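Subject: Structure handover

Hello,

Here is the structure I promised to pass on. Please open it first, then read my notes below.

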Amino acid sequence: MPATSNATSSTSAPVAAHGAGAPAFDDEAFVYHINIALICVLALFVLLRLPRFLARFSDFSDFSGLIIRSVPPSQRRPTRRVEFTSSSQDDDRSGLPQLPSDDSHMMYLEKQHARRVGPDGNVVVSSYPPHVSSTPQFLRPTLLLLHKRLMPGLSFSHICVMAAYLGFWLYAGFYKANPFTDAVRFGWIAVAQLPWVLIFATKNNVLGFLLGAGYEKLNFMHRFAGRLTVLAVNVHALYYLYKWLMAGTFTNSIANPSNTWGLVALVCMDCLYFFSTPFWRKKAYNIFILTHIPSVSLLLPAIVLHKRSTFNWVIATVAIYGFDVLIRLISTHINRATIRPIPELGLTRVEIPTLNHGWKAGQHIRLRVFSTGMGLLGWTEIHPFTIASVSGTEEGMVLYCKKAGGWTNKLYDLARSTSNLESGIRSSRFFNSSSSPSSSLDVGRKISVMVEGPYGGPGHRLFHSFSSAVFICGGSGITFGLSSIQELHQKDLLGKSRIKTIELIWVVQDPSNLVPLLPQLTAMVQQSEPFTPLRVRVFYTRAVTGKVPFDENFFKSTRLTLSPGRPKVSKLIEEVIETTLLPSTPSGGGGGYGARGAMGLSGPGRKDGEKKKGLLVGVCGPVGLADSVFQEVGKVDSTRRDQVGGIEVHEETFGW
Ligand SMILES: Cc1cc2nc3c(=O)[nH]c(=O)nc-3n(C[C@H](O)[C@H](O)[C@H](O)COP(=O)(O)OP(=O)(O)OC[C@H]3O[C@@H](n4cnc5c(N)ncnc54)[C@H](O)[C@@H]3O)c2cc1C
């Protein structure tokens, strides 16, 4: 607020501070150069990620994940199939679907005779993607420290990035300046950070694209830069407020329009900060959002009206936001969706068959529902949900929305309100009335939805470039596991996935939670053969009071198990490493589990030769689950880690 008789420009205060004879210190130019230095550091990060960026886009199909679209069936890529050249198929004389069992080496024999066949009848030639490890081998020992979680969702590496950013602005604040007298400097520090605050927050931004990091991964920096900006604004303002109060000129000074707008900007900033605290974000997300938008809309013009020379900075900030809004508009679709309740899991399944292309496993969209059943203002809310289905299939987009609060509860109730249904329809795909106790709710309701995205996801990390994968999902985090595994299966049929074995660990509260997804999981286990065997382990954490809703012999297969308690993640990862290190089978499939693996099968045409390309650990669910998985992965012996080519953890958490 420098528009007073004492401090009228950005340069006048420093002149006074440094003595009448000292040359004026240009605060604006100084913070501008601080920003240039920050850009250089970020460019270095982008450069370090360049090999992964190039590896990702070396395959044109990896441009998918940028724009969701609707592809008519006639334009869909013909699917590949698996063909068996021996009589092994005839071995299954029962005609009933069987889960693969470790006790038999039948699948190994199948593998020997199985091959991927294209739509033209020709055998598919495998070509695996380049694998670029996130960390060179000699730096792997540092990962234990870098990934160590110091706070929920915040690792040591996050803290290092924040500390480096803080270092730049501390330097900016204290270089030839005194925070108690050089208030103008702090005004400029606040203004110069505005573009960063927006870059770290916007859903679509160039930095995230180049780094291969979704907005939700950069959000910690948005919060940190935002807090530093609020601090700088308050230091700037308090100096003048104190001075005017001491001099008894407050009323006169604040009446100056420039200072009035300065006060407005201060109130907006403090409002933003107050309503962004975890209390509001967790307890009343709507208030957090509703205060954010008007505060920012008023803040930016208020800054310019307070000091005209901030115009370029504010325009840069608006441009970043404008770009985001433009891309959001382009990536927004309004469609009809079918919603169905899944009582066992307390969630709503949302199916949007018309949107069937353009996302990658692990990405999420933001969903808005247009229905009076969501309340008068229900349409104003937009919520993120991970896509549970795989792109390019007839099924289209599928979401699972867990009851977590006001909006998701209303969505569930809407799906359940089967009475007076104008357009209730029976489900033919999802519910299996023989296995699901919820068959009475085997209906869907048509609603209009707005889908925006896709966002987030694996970025430059190519899941199919690894040697093996473990997915650890908590509750509704299974959405990530389902889509990732199906996508790997899809790539495998195209001969593009190097993954040899996949392990899915799903932690639920109650064994009955498994019931609705059992048909799908069983089918996935079956489809994973013969090339990339999948093992599914479900853990339930609550003591069962009644009867477990499964027949005693149901889990005779060791490829789909149900166990009480929590998974011992490090032990399970050790087991997967063991399997990965087994030689591949002739057709390039996994080394196999148990007896098959112990047979020590080997042969030509392996997926990864002798050198392993790493183990991917994908985790999805609450922040606490991701934190514990990072901790468990840290326990894996470093020799084993190197043998498997390194372990990379990819997290998709339902919060920030
Ligand atoms: C990237 C991402 C992916 C997600 N994927 C899934 C999924 O596949 N399935 C699933 O069941 N849940 C998912 N969630 C969580 C889901 O978005 C929230 O449970 C839902 O928004 C809660 O809204 P509510 O009004 O019912 O609950 P509220 O009581 O308003 O909030 C419950 C919790 O959700 C958070 N939340 C509320 N609204 C939003 C919002 N608009 N954006 C972000 N967080 C919000 C709040 O901070 C609070 O911690 C995901 C969240 C994120 C951030």
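What volume does the largest cavity have? About 230 Å³. Bear in mind that this is a predicted model.

**Cavities**

The count comes to five cavities of 30 Å³ or more. Start with the largest cavity. Its lining is made of 18 residues. Gly187, Val191, Val233, His236 and His306 lie nearest the centre. Four helices each supply at least two residues of this lining: H6 (183–199), H8 (215–247), H10 (257–274) and H12 (285–306). H6 gives the most, with five residues. By class, the lining of the largest cavity has twelve nonpolar residues, five polar and one charged.

The second largest cavity has a volume of about 80 Å³. Eleven residues line it, and the closest to its centre are Lys360, Phe463, His464, Glu487 and Lys491. Its lining divides into four nonpolar, two polar and five charged residues.

**The ligand**

Next, look at the ligand. How many residues surround it? The number is 23, and Arg281, His383, Pro384, Lys402 and Thr408 are the closest.

Several polar atoms of the protein lie by the ligand. Here are three to look up:

- Tyrosine 400: a polar backbone atom is 2.8 Å from a nitrogen atom of the ligand.
- Glycine 405: a backbone N or O atom lies 3.3 Å from a ligand oxygen atom.
- Threonine 408: an N or O atom in the side chain is 2.4 Å from an oxygen atom of the ligand.

Taken alone, the ligand exposes 870 Å², and the protein buries 86% of that.

Which elements supply at least two residues each to the shell around the ligand? They are helix H11 (278–283), strand S8 (383–386), strand S9 (397–402) and helix H14 (406–416). S8 has the largest share, with four residues. By class, the shell has ten nonpolar, ten polar and three charged residues.

**The second largest pocket**

Now a pocket. The second largest one has a volume of about 1,500 Å³. Its lining runs to 49 residues, with Lys203, Ile289, His292, Ile293 and Arg328 closest to the centre. Several elements give two or more residues to this lining, among them H6, H8, H10 and H12. Helix H13 (311–330) is on that list too, as are strand S7 (363–370), S8 and strand S11 (443–456).

H12 holds the largest share of the pocket lining, with eleven residues. H12 also supplies at least two residues to the lining of the largest cavity. S8 is another element to revisit, since it gives two or more residues to the pocket lining and four to the shell around the ligand. By class, the pocket lining divides into 26 nonpolar, 13 polar and ten charged residues.

**Two backbone details**

Most residues other than glycine have a negative phi, and most peptide bonds are trans. Two places here depart from that.

What kind of peptide bond joins glycine 453 and proline 454? A cis bond, with omega of about 15 degrees. Proline 454 sits in strand S11.

Lysine 176 has a positive phi, near 50 degrees, and is a residue other than glycine. You will find lysine 176 in the loop between helix H5 (156–174) and H6. Is lysine 176 buried, exposed or partly exposed? Lysine 176 counts as partly exposed because its relative accessibility is 48%, and the partly exposed class runs between 20% and 50%.

Over to you.

Best wishes

Definitions and conventions
Residues numbered from 1 in each chain as written. Predicted model: local features only at pLDDT ≥ 70, side-chain atom pairs only at ≥ 80, totals over all residues. Heavy atoms only, no water. 1 Å grid on protein atoms, 1.4 Å probe; cavity = no way out; pocket = protein on both sides within 12 Å on 5 of 7 lines; lining within 4 Å. Points joined across faces, edges and corners; volume = space filled by probe spheres on them. Nonpolar A, V, L, I, M, F, W, Y, C, P; charged D, E, K, R; others polar. Near = heavy atom within 4 Å. Polar contact = N/O pair within 3.5 Å; in protein donor to acceptor, adjacent residues only side chain to side chain. Areas by Shrake-Rupley, 256 points an atom, 1.4 Å probe, with all protein chains shown as cover. Buried < 20%, exposed > 50% of the residue type's maximum accessible area, 1.4 Å probe, protein only.
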